[in-house]
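Visitor: Please walk me through this one from the inside out. I'm new to this, so go slowly with the jargon.

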Amino acid sequence: MTARRGMADDVAAALSANGLILRGGVAFAEGEQAPTGLSGVPAKSVLLVGQAGAAPWPHFLRWRERQPRAIGNPLDTWSREVIGAVAQDFGARAVSPSDKPYLPFQQWAMRAEGLKPSPLGILMHPRYGLWHAYRGALLFEEEIAVPQAHAPIHLCDTCIDKPCLKSCPVDAYLPDGFAYQSCLAHVRGADGSPCRTGGCLDRNACPYGRTYRYPPEVQAFHMASFGRAGS
């Protein structure tokens, strides 16, 4: 089957109205286990949706002003609404990283953009550094033509000092994984104010992609969401 051309560009244009970007895509191989598309048959392609820097933030804030204050996960809700509308326009099924059972977003992202994880677990991007995110994806029941991923330089391999592993007051990022409970207790505690107001100190210590770094208010929003986890 010939891959449909032009669709990815049209999707990217639609996403840009809300500060979101197309983060590449994957064509599922013959016989590969793939999630279902809109009609329930296995999808043939997935286009990843995300952001670079804080471009969606003004769009999200304007939407937030019209919503009930008690809404549980506003950024996730906004993302679902925006991406869902684009999916409807293009005949795709919209999915989110928070959907259960969880879909392999990180594996898709590594295939789509040729990225590798940083020591913090966030995928390192050669341009955006750690200041990017994936907000959802569109599943198509046809093959969509997307640029082939190349293998960019993994910036973490060139970083000798690894300041991202030396700035956390509780050494939350360990060789055997993320010390979730230690991090959460610190962020909630009396000494966690710098993290609550300015974001993760380890993430901010990374020297790459600084022009895309989230503003303090955006980082504070994400840290507040993290601090409420498990409450």
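Guide: Let's start with empty space: on a 1 Å grid over the protein atoms alone, a cavity is a set of points where a 1.4 Å probe fits but cannot get out, a pocket is an open set with protein on both sides within 12 Å along at least five of seven lines, and lining residues have an atom within 4 Å of a point. Volume is the space filled by probe spheres set on the points, which are joined across faces, edges and corners. This is a predicted model, where local features need pLDDT of at least 70, side-chain atom pairs count only at pLDDT 80 or more, and totals for chains, interfaces and linings use all residues. Residues are numbered from 1 along each chain as its sequence is written, and side-chain values use heavy atoms, with hydrogens and water left out.

Visitor: How much space lies in the second largest pocket?
Guide: Its lining has 16 residues, with R23, G24, A112, E113 and P147 closest to the centre. Helix 1, strand 1 (21–27) and helix 4 each give two or more of them; helices (H or I, at least four residues) and strands (E, at least two) are DSSP runs, numbered from the N terminus. The space in this pocket is about 300 Å³.

Visitor: And which element gives the largest share of the lining of the largest pocket?
Guide: That pocket holds about 1,700 Å³ of space. Among its 38 lining residues, A133, Y134, R135, R203 and H222 lie nearest the centre. The largest share, six residues, comes from helix 9.

Visitor: How far does helix 3 reach from its first C-alpha to its last?
Guide: Helix 3 covers residues 74–90, which is 17 residues. The expected span is 1.5 Å times one less than the number of residues. That expectation is 24 Å, and the model comes close to it, at 24 Å.

Visitor: Which residue follows helix 3?
Guide: Look just past the end of the helix for a positive phi, near 70°. The residue there is G91.

Visitor: Which element gives the most to the largest nonpolar core?
Guide: A nonpolar core is a set of buried Ala, Val, Leu, Ile, Met, Phe, Trp, Tyr and Cys residues joined through side-chain atoms within 4.5 Å. The largest one here has 30 residues, and those with the most contacts inside it include V11, F60 and W78. The biggest contribution, seven residues, comes from helix 3.

Visitor: Is N204 buried or exposed?
Guide: N204 sits in helix 8 (residues 201–205). Leaving aside neighbours within four places in sequence, N204 is in contact (heavy atoms within 4.5 Å) with W131, G198, G199, R213 and Q219. Buried means under 20% relative accessible area, exposed over 50%, and partly exposed in between (1.4 Å probe, protein chains only). N204 has 16%, so N204 is buried.

Visitor: How much space lies in the largest cavity?
Guide: The structure holds three cavities of 30 Å³ or more. Residues lining the largest cavity include C168, Y173, H186 and M223, and helix 6 (180–188) supplies the largest share, three residues. The space inside the largest cavity is about 80 Å³.

Visitor: What is the volume of the second largest cavity?
Guide: Its lining includes S118, M124, K162 and Y208. The volume of the second largest cavity is about 70 Å³.
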